[in-house]
Amino acid sequence: MSAVIESHHGDHHHGPAKGFSRWLYTTNHKDIGSLYLWFSFIMLFVGGAMAMVIRAELFEPGSQIVSPEFYNQMVTNHGLIMVFGVIMPAFVGLANWMIPMQIGAPDMALPRLNNLSFWILPAAFGVLLSTFLMEGGAPNFGWTFYAPLSTEYAPPTVTFFIFSVHIMGASSIMGSINIITTILNMRAPGMTLMKMPLFVWSWLITAYLLIAVMPVLAGAVTMMLMDIHFGTSFFSAAGGGDPVLFQHVFWFFGHPEVYIMILPAFGIVSHIIETFSRKPIFGYSSMVYAIASIALLSFVVWAHHMFTVGMPIAGELFFMYSTMLIAIPTGVKVFNWLSTMFRGSLTFETPMLFAIAFVALFTIGGLSGLMLAIAPADFQYHDTYFVVAHFHYVLVPGALFSIVAAVYYWLPKWTGYMYDEVLGKTHFWLSFISVNLTFFPMHFVGLAGMPRRIPDYAMQFADYNMIVSVGAFLFGLSQLLFLFNVLKCVYYGKSATAEVWEGAKGKGLEWTVDSPAPYHTFETSPDLTKPQTNS
Amino acid sequence: MSSESSYYVPASSKLPIFMAISLLLFVYGAGYTINDLGKEDTYSHWILISSFLLMWGTMFFWFSEVIKENDAGMYSNQLNTSFVHGMSWFIFSEVMFFFAFFLALGYVRIFAVPWLGGEGEKGIANILWPGFEASWPLMETPDNERFPGAHHNMSIPPITKIHTWLPFWNTLCLVTSSGTIALAEAALKKGNRKSFKAWMVATISLGYIFVVLQSVEYYEAYAHMGLTLGAGIYGTTFFLMTGFHGFHVCLGAIILTIMTIRGFQGAFSEHDHFGLAAGSWYWHFVDVVWILLVLVVYIF
């Protein structure tokens, strides 16, 4: 297979167009990947600034800096931005960059659709952020927007929120259709499904989950829109509906969504650990089956988010046991990562440090998840800081660390330059210490009964909250170091070799091409049917 | 410039960014229009209208470009497979959109309404509206002043009066049209263009008859049955489910109308007619959703 890269200017097979229009009109998977990654980086600082406001308010008990109304807006938008504007776009950006390179494809399958999926994201978030300037303020009902808070008691800007969620959903669905089509249709000859790199596998399954659940989210917000403006009664018991119905529809989307934000991380961490252990990944096929079973189970566990709404006992039991089942495939993955490192020739470059921290800290988040899965115990944990600690452990040292690790791991391949290892390690240790300082004490205050989403708290929580806030400020500042390191790499970095990491050549097609990877990587697909000779 | 073995990658395109702008306008337009409902002298609907014009214009040029590229022979078999995958996964996403509404209907009928009526271990909800009796179709809502229930519902009449029941004719239309479009495709594949065109015209006619009958049904519901969006959960689920389905029938009918016009202009060949095939899959999907709707919304 070869590719025809059509061009209006006749500069066949050459580099990118000049100027800003390159980014507006581009159909190149690398350009679009970079757009996604920079967008998510910017949103990380926007959402992070909101987290800083939250932690400043909670630094001491009592009303400190912002009004409770504004605090609610901060909590809501922090969540929405971090989930839909940071973690998801970053993974899609990585998918755009790496999937064609890892499977030996000329580009994504549907390049123009790819551009559209990206450019409607800034539109959606522009709308969401502009609600801060509108009458009634930004959405204030939490990122899970439970009815009737988000329907009967919502500010008028909820209408814009609803449509911007529609657009985010459209972006995810189009992006996923593109990714799934690319993976199923564009692999180099000889790359059978069970020979695909694990990052590609993780994204194949993630894309499937996205296409399956984003439309359900669209359905949920559409029902909200109808209830608010057109007199329907989906979520109003007075008309025969049920506010709990909202939670069922939302979490039917929401739980697979949680795995959408972690499965690609599994793929990334697998690659990094095998590279820096200088061993092939342990238990490749069990890794694939584990990801697939986690994804399938994710459809039947949703109501563990709502144990306290008053479900029949049979429901509580079903969702409790099905949730606990997820620990098995997840345990398989952790076991495989540890076994890959076992007796490997380990070195601890920045990506590896982040990956190991991922394995350790994600496991902590997973274990607190198991605690939450126990229905009777959940009645105490529900809506406390214990839950906040749990999901921040899986999302920050989990998903976010894997993204940071991926950036350090592949940045030399993208830019052709090495990042500053000392700076990278400093960034890692600062992040590692501060992330634990931030989120570990939340377990204690949560178990002691501190509720989430409240701008004030009882005096006995004061000490821990101050530690948490200091940790959060430190974590926020450390990420500026990350930005600095990326910029330094791009502008002043030392040249990287094609292999970048010792022995990486056997770890995937992306390490067989130059650094930086050419603008169009594989105009002719590598033929993998012949035996490979790796020196 | 192409051969069978090469994958076409456009270098750059202005179309997506125009689409993105139209969606941005759509969000502001729709948001302000809905928030301003009932207000006088508002201009927000013009934003909405302009967003649609830009969207449709962009789509027109986008599809024209794809057709031009295909006619120029730039698309390989592999690229066509990408289109097949793309359309199939898009339809899967639509299936899941409807799934959300089926889920809602199921939850309401199996759990929410019986619990409100005092059934089961969660029946304490009956304390809120004592005396409320659970039934389906729900004609009397718990708070009948706020959500006045309908006096008639759309359920299936006795079999002897089936001909007076619009959904019966609607089902007939859609199921038949799924057959006629299959015949149209088969005729095209055999190169029989005359019968292809005839079956296409039959298909879209049946589609439009469906839309008209559905409108009549809605008119009847509002004018004579007290069945409205505000008529409690029965009206809510009835209109949202049949409404979204009807919207998809309209979309499908528009797609197939365009395909028919293109067919009359001489487009499509025996082996190269993906636009038509995709439209036909979409039509079958709409048909299947309708059958499920008839079962859970009208009959059971």
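1. In this predicted model, helix H5 of chain A and helix H3 of chain B are oblique to each other, because their axes cross at roughly 135° and an angle between 115 and 145 degrees falls in the oblique range. The two axes come within 9 Å, and H5(A) passes H3(B) in a right-handed crossing. H5 covers residues 158-185 of chain A, while H3 covers residues 77-116 of chain B.

2. The residues that make this helix contact can be followed on both sides. H5(A) contributes A:Ile173, A:Ile177, A:Ile180, A:Thr181, A:Leu184 and A:Asn185. H3(B) contributes B:Gln78, B:Thr81, B:Ser82, B:His85, B:Gly86, B:Trp89, B:Phe90 and B:Ser93. By class, the contact has six nonpolar and eight polar residues, and no charged ones.

3. The helix pair belongs to a contact between the chains that takes 64 residues from chain B and 65 residues from chain A. On the side of chain B, the elements that give two or more residues are strand S1 (6-10), helix H1 (15-35), helix H3 (77-116) and helix H6 (232-264). H3(B) gives the most, with 22 residues. The side of chain B that touches chain A has 40 nonpolar, 18 polar and six charged residues.

4. The overall build of chain B should be set out for the reader. Its secondary structure comes to seven helices and one strand, and along the sequence the strand precedes the helices in the pattern β-α-α-α-α-α-α-α. The C-alpha trace of chain B spans about 75 × 50 × 40 Å along its principal axes. Chain B is divided into domain 1 (12-70) and domain 2 (77-299), and the centres of these domains, taken over C-alpha atoms, are separated by 26 Å.

5. Two further values describe the packing of chain B. Of its 300 residues, 40% are buried. Among contacts in chain B with a separation of 6 or more, 67% are accounted for by residues 24 or more positions apart.

6. B:Ala150 gives a local example from chain B. This residue lies in the loop between H3 and helix H4 (166-190) of chain B. It counts as buried because it has 22 C-beta neighbours inside 10 Å, and 20 or more are required. Leaving aside residues up to four places away in sequence, B:Ala150 touches B:Met139, B:Met225, B:Gly226, B:Leu227, B:Ala231, B:Tyr234 and B:Gly235. The C-alpha atoms of B:Ala150 and B:Thr228 are separated by 7.4 Å, although the two residues are 78 residues apart along the chain.

7. Two peptide bonds in chain A deserve inspection. Most peptide bonds are trans. A cis bond joins A:Ala147 and A:Pro148, with omega about 0°; A:Pro148 is in the loop between helix H4 (111-130) and H5 of chain A. The bond from A:Ser515 to A:Pro516 is also cis, with omega near -5°, and A:Pro516 lies in the segment after strand S3 (494-495) of chain A.

8. Two residues of chain A have a positive phi although neither is a glycine. For A:Asp383 the value is about 60°, and the residue sits in the loop between helix H13 (375-381) and helix H14 (385-415). For A:Arg453 phi is near 65°, and this residue is placed in the loop between helix H15 (421-447) and helix H16 (462-492). A:Asp383 counts as partly exposed, with 14 C-beta neighbours inside 10 Å, and A:Arg453 counts as partly exposed with 15.

Notes:
Residues are numbered from 1 along each chain as its sequence is written. Chains are lettered from A and ligands numbered from 1 in the order in which they are written. This is a predicted model: local features need pLDDT of at least 70, side-chain atom pairs count only at pLDDT 80 or more; totals for chains, interfaces and linings use all residues. Domain bounds come from an automatic or database domain assignment. Two residues are in contact if their C-beta atoms, placed from the backbone, lie within 7 Å. Helices (H or I, at least four residues) and strands (E, at least two) are DSSP runs, numbered from the N terminus. Ala, Val, Leu, Ile, Met, Phe, Trp, Tyr, Cys and Pro count as nonpolar, Asp, Glu, Lys and Arg as charged, and the others, Gly among them, as polar. A residue is buried if 20 or more other C-beta atoms lie within 10 Å of its own, exposed if 12 or fewer, and partly exposed in between; C-beta atoms are placed from the backbone. Axes are lines fitted to C-alpha atoms, for helices over the stretch in contact, and angles run from 0 to 180 degrees between N-to-C directions. Angles under 35 degrees count as roughly parallel, over 145 as roughly antiparallel, 65 to 115 as roughly perpendicular and the rest as oblique. A crossing is left-handed if the near helix is turned anticlockwise from the far one by less than a right angle, and right-handed if clockwise.
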